[in-house]
Amino acid sequence: MIISSVKPFEEILKLLKDEDDIFIVGCNACAAKIHVGGEPEVLEMSRRLEDAGKHVVGWVIPSAACSVGSFDALVEKNPAVKNAKTILVMACGSGVSIISAVANVPVYPSNNTESLGGKSLGEVVPELCAMCGNCNVYYFGGICPKGQCPKQLLNGPCGGAIEGKCEVDPEKDCAWELIYYKLEKSGRLDLLDRIWIAEEVTK
Ligand code: SF4
Ligand code: SF4
């Protein structure tokens, strides 16, 4: 079980301030069990966003957000996702990372992922999310350097990558190269202008 909590609604609205036509992705695994991404929470989030003047184009609750294999899998469950200009994921950081990988629109986290509780039952994808408790994976194109860069660098690469492979773990692609190319592809390289300080990284 992965333990997450919903960010304050004002923080979610701030994240979405320039976004509209929002599609919400919940999660019927951990997030539903702890009431941060099941149907009641997704419907409540949709209502609050609409009340705040945002247009919600639809929602879906896959059996597990971290196991969504393709954008078509979302379309199959709710074709309205094709009309989305933004996706809000009510799941753990791994779920946000997976949805970011399959979607071509900005993907935002509604939750902070904090820890494992009890037996994971194979639900956790630890290499994607380090469960930092303050999810800002959107700023990294959905590829979390806290989980995927062995040095957990937040302000760019270490410079040691060789032909795209990590100098610490040559079996893996350099997370920061992946982040750069993902943000370049989505026209959001401006997100890299931000300099992260330690206080912003975790609570
Ligand atoms: S920022 Fe990274 S480590 Fe923290 S909750 Fe999000 S995906 Fe997980
Ligand atoms: S090579 Fe890339 S992934 Fe590896 S430690 Fe350096 S920045 Fe991180």
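**Figure 1. The shell around ligand 2 in the predicted model****.** By class, this shell holds 10 nonpolar residues, 2 charged residues and no polar ones. Its cysteines are Cys149, Cys158, Cys166 and Cys174. The charged members are Lys151 and Glu167. The remaining residues around ligand 2 are Pro150, Leu153, Pro157, Ala161, Ala175 and Trp176.

**Figure 2. The shell around ligand 1.** Here the residues divide into 7 nonpolar, 4 polar and 1 charged. Cysteines appear at Cys129, Cys132, Cys135 and Cys144. The charged residue is Lys146. Gly93, Thr113, Asn134 and Asn136 are the polar members. Ala130, Met131 and Val137 are also found around ligand 1.

**Figure 3. Met131 in its loop.** Met131 belongs to the loop that runs between strand S6 and helix H6, the latter spanning residues 145–148. Its phi is near 55 degrees, a positive value in a residue other than glycine. Met131 is also one of the residues around ligand 1.

**Figure 4. Helix H5 and Ser94.** Helix H5 covers residues 93–102 and is mostly covered, with 9 of its 10 residues buried. The buried residues are Gly93, Ser94, Gly95, Val96, Ser97, Ile98, Ile99, Ser100 and Val102. Gly93, in this buried set, is also listed around ligand 1. Ser94 has its place in helix H5. Ser94 has a relative accessible area of 2% and therefore counts as buried, the cut-off being under 20%. From Ser94 to Cys144 the C-alpha to C-alpha distance is 9.0 Å, although the two residues are 50 apart in sequence. Cys144 in turn is among the residues around ligand 1.

**Figure 5. Ser110 between two strands.** Ser110 is located in the loop that joins strand S5 (107–109) to strand S6 (111–116). With a relative accessible area of 0%, Ser110 is buried. Its side chain makes a polar contact with the side chain of Asn111, at 2.8 Å. When neighbours within four places in sequence are left aside, the contacts of Ser110 are Ser5, Val6, Lys7, Ile12, Met45, Leu88, Val89 and Met90. Of these, Met45 falls within the range of helix H3 (39–51).

**Figure 6. His35 in a loop between helices.** His35 is in the loop between helix H2 (30–33) and helix H3 (39–51). Its phi is near 65 degrees, which is a positive value in a residue other than glycine. The relative accessible area of His35 is 57%, so this residue counts as exposed, for which the cut-off is over 50%. Ser110, by contrast, is buried at 0%.

**Figure 7. The whole protein chain, for orientation.** The secondary structure comes to 8 helices and 6 strands. Read from the N terminus, the order of elements is β-α-β-α-α-β-α-β-α-β-β-α-α-α. The radius of gyration is 16 Å; for 203 residues a compact globule would have a value near 17 Å, so the chain agrees with that expectation. Along the principal axes, the C-alpha atoms fill a box of roughly 45 × 40 × 35 Å. Half of the chain is covered in the sense that 50% of its 203 residues count as buried. Among contacts between residues at least 6 apart in sequence, 63% join residues at least 24 apart. The accessible surface is about 9900 Å², and carbon and sulfur atoms account for 53% of this area.

Note on methods
Residues are numbered from 1 along each chain as its sequence is written. Chains are lettered from A and ligands numbered from 1 in the order in which they are written. This is a predicted model: local features need pLDDT of at least 70, side-chain atom pairs count only at pLDDT 80 or more; totals for chains, interfaces and linings use all residues. Side-chain values use heavy atoms; hydrogens and water are left out. Helices (H or I, at least four residues) and strands (E, at least two) are DSSP runs, numbered from the N terminus. Buried means under 20% relative accessible area, exposed over 50%, partly exposed in between (1.4 Å probe, protein chains only). A polar contact is a pair of N or O atoms within 3.5 Å; within protein, one must be able to donate a hydrogen and the other to accept it, and residues adjacent in sequence count only if both atoms are side-chain atoms. Contact means heavy atoms within 4.5 Å. A residue is near a molecule or strand if one of its heavy atoms lies within 4 Å of it. The radius of gyration is taken over C-alpha atoms; the globule rule is 2.2 Å times the number of residues to the power 0.38. Accessible areas come from the Shrake-Rupley method with a 1.4 Å probe; for residues, only the protein chains shown count as cover.
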